[in-house]
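Visitor: I have the sequence and the model open. Could you walk me through the packing, one question at a time?

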Amino acid sequence: MLGEFKQFVLRGNVLDLAVGVVLGVAFNAVVQAFTDGVLMAAVAALFGEPNFDAIVWGLGDGELRVGALLTALVNLLLVGLALFAVVKAVNALRDRADREESAEPAAKPAPSDEAVLLTEIRDLLRDGRR
């Protein structure tokens, strides 16, 4: 059973998935820090508060916490904007790298031994006719 578990864990797709999850968590931390520290600070500068949680509507004996919904929607839009900017930048870098790669002339492959021999035979035959 231990051997089967070892085979399962060491399969490529399981390791790739684990790496993807760890990178996803780290990237989420970066996006959240950018959203909370930069974008929500801009919202606070514009509206005077970093969130809208204080907005509450009374409904009979209860409360509708509309502000929490607004804060969540603003966070969603800001995270989406941040992700869009990151993906756009990565795509621009990829496009630039692809253009630079395609702009470089392809190195001419070295001729095979047969091609070199045939070229020499052709040259000898051409020289022999003169």
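**A walk through the packing**

Guide: Happy to! Let us begin with Val43, which touches Gly48, Glu49, Phe52, Val74 and Leu78, leaving out residues up to four places away in sequence; contact means heavy atoms within 4.5 Å. This is a predicted model, where local features need pLDDT of at least 70, side-chain atom pairs count only at pLDDT 80 or more, and totals for chains, interfaces and linings use all residues. Residues are numbered from 1 along each chain as its sequence is written, and side-chain values use heavy atoms, with hydrogens and water left out.

Visitor: Which helix gives the most to the largest nonpolar core?

Guide: A nonpolar core is a set of buried Ala, Val, Leu, Ile, Met, Phe, Trp, Tyr and Cys residues joined through side-chain atoms within 4.5 Å. The largest one has eight residues: Val31, Leu39, Met40, Val43, Phe52, Leu78, Val79 and Ala82. Helix H2 (12–47) and H3 each supply at least two of them, helices being DSSP runs of H or I with at least four residues and strands runs of E with at least two, numbered from the N terminus. With four residues, the top contributor to this core is H2.

Visitor: Is Thr71 buried or exposed?

Guide: Thr71 lies in helix H3 (residues 66–103) and touches Asn51, Phe52 and Asp53, not counting residues up to four places away in sequence. Buried means under 20% relative accessible area, exposed over 50%, and partly exposed in between (1.4 Å probe, protein chains only). Because its relative accessible area is 9%, Thr71 is buried.

Visitor: And how does Leu73 count, at 42% relative accessibility?

Guide: Leu73 also has its place in helix H3, and it belongs to a nonpolar surface patch with Ile55, Trp57, Leu59, Leu64, Leu69, Leu70 and Leu76. Patch residues have over 30% relative accessible area and no salt bridge, with like charges joined within 9 Å and nonpolar side chains (Val, Leu, Ile, Met, Phe, Trp, Tyr) within 5 Å; a salt bridge is a side-chain nitrogen of Lys or Arg within 4 Å of a carboxyl oxygen of Asp or Glu. At 42%, Leu73 counts as partly exposed.

Visitor: How far apart in space are Ala103 and Asp53, C-alpha to C-alpha?

Guide: Ala103 lies in helix H3 and is exposed, with a relative accessible area of 61%. In sequence, Ala103 and Asp53 are 50 residues apart. Their C-alpha to C-alpha distance is 54 Å.

Notes: Areas by Shrake-Rupley, 256 points an atom, 1.4 Å probe, with all protein chains shown as cover.
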